[in-house]
Amino acid sequence: MKLMICMDDTDNLESKGTGWLVEDACREMTALGWGAYSMISRHQLFVHPDIPYTSHNSSMVFTAETDVSSERYVEFLSVYLEKNSAPGSDPGLCIAHEPANGTREALISFGLRAKKEVLTKDEAYALANTLGVHLSEHGGTGGGVIGALAGIGLRLQGSDGRFRGWYHLGQTGSIMTAGELRSYESIEDIRTPDNAPIENTKRVRISDQLKTICMKGRSTLLVHPAGGDGIHTVLAKEELKRY
């Protein structure tokens, strides 16, 4: 069974971020023998004066391959959030089974709207109830339920956000082939920003910190088209912020 899980708005300006909390929860569930967890993706939501957020207004999503019931996940993560979320935060939790057509499209539509509109808790709860998706709040105003539901939709959309963590495969300026980079489990694909695939024989100039984004549902390393020397170059940290 595959579950999709999203948490939002668990931190304050002095605490560790939601991504850290999600990672820690995954470690605890792994220790319980509850199954395997995917990479964690970060999804940027609308930044607007009418939307309260800590620093960036983004939500964190992962998937679980598990035989444990969704009800036990709800129970465990509800307690986890109430125990570990930072004072002043407004945590929200969304847990969904891998959705069928119709449900999937409605979740994606909500997620895309949350990137450009001010949405309400009532809208989020109404959609979750209609679709049979778990959505709950665990402190403060509970406003994190909006981002939690939106995050599930954006992960389903497949080409939004970037994955948590940096990979250190060599010093800045080192040259690797695309095939060598693809041999790492966390790099599922290599493409240019306009979606052109990079063949395994092509050379890539890396930096000491590599990050992948979500593209067509895969963890993808973005590179610039090859220059005059025939070598591609990974996007810089600042360039990745728009994903």
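Asp8 lies in strand S1. The model is predicted, and this residue is a convenient place to enter it. Asp8 counts as buried because its relative accessibility is 7%, and the cut-off for buried is under 20%. Leaving aside residues up to four places away in sequence, Asp8 touches Leu45, Ser58, Ser59, Asp90, Pro91, Gly92, Gly144, Gly147 and Ala148. Cys94 stands 86 residues from Asp8 in sequence, yet their C-alpha atoms are 8.9 Å apart in space.

Cys94 leads to the nonpolar interior. The largest nonpolar core has 24 residues, and Cys94, Phe110, Leu135, Leu149 and Ile152 are those with the most contacts inside it. At least two residues of this core come from each of S1, strand S5 (92-97), helix H3 (103-113), helix H4 (121-131) and helix H5 (144-157). H5 gives the largest share, eight residues. As for Leu149, its contacts beyond four places in sequence are Cys94, Leu107, Phe110, Ala124, Leu127, Ala128, Val133 and Leu135. Another core, of 23 residues, lies apart from the largest one and includes Leu3, Val22, Trp34 and Ile95.

Val22 is also one of the buried residues of helix H1, along with Thr18, Gly19, Leu21, Asp24, Ala25, Cys26 and Met29. An α-helix has 3.6 residues a turn, so residues three or four places apart point the same way. The buried residues of H1 pack against strands S1 (2-8), S2 (36-37) and S4 (58-65), and against helix H2 (70-84). H1 covers residues 18-31, and its 14 residues should span 20 Å at 1.5 Å a residue; the end C-alpha atoms are 20 Å apart, which agrees. Just after H1, Gly33 takes a positive phi of about 75 degrees.

Methods. Residues numbered from 1 in each chain as written. Predicted model: local features only at pLDDT ≥ 70, side-chain atom pairs only at ≥ 80, totals over all residues. Heavy atoms only, no water. Helix = DSSP H or I, 4+ residues; strand = E, 2+ residues; numbered from the N terminus. Expected span 1.5 Å × (residues − 1). Buried < 20%, exposed > 50% of the residue type's maximum accessible area, 1.4 Å probe, protein only. Contact = heavy atoms within 4.5 Å. Core = buried A, V, L, I, M, F, W, Y, C linked by side-chain atoms within 4.5 Å.
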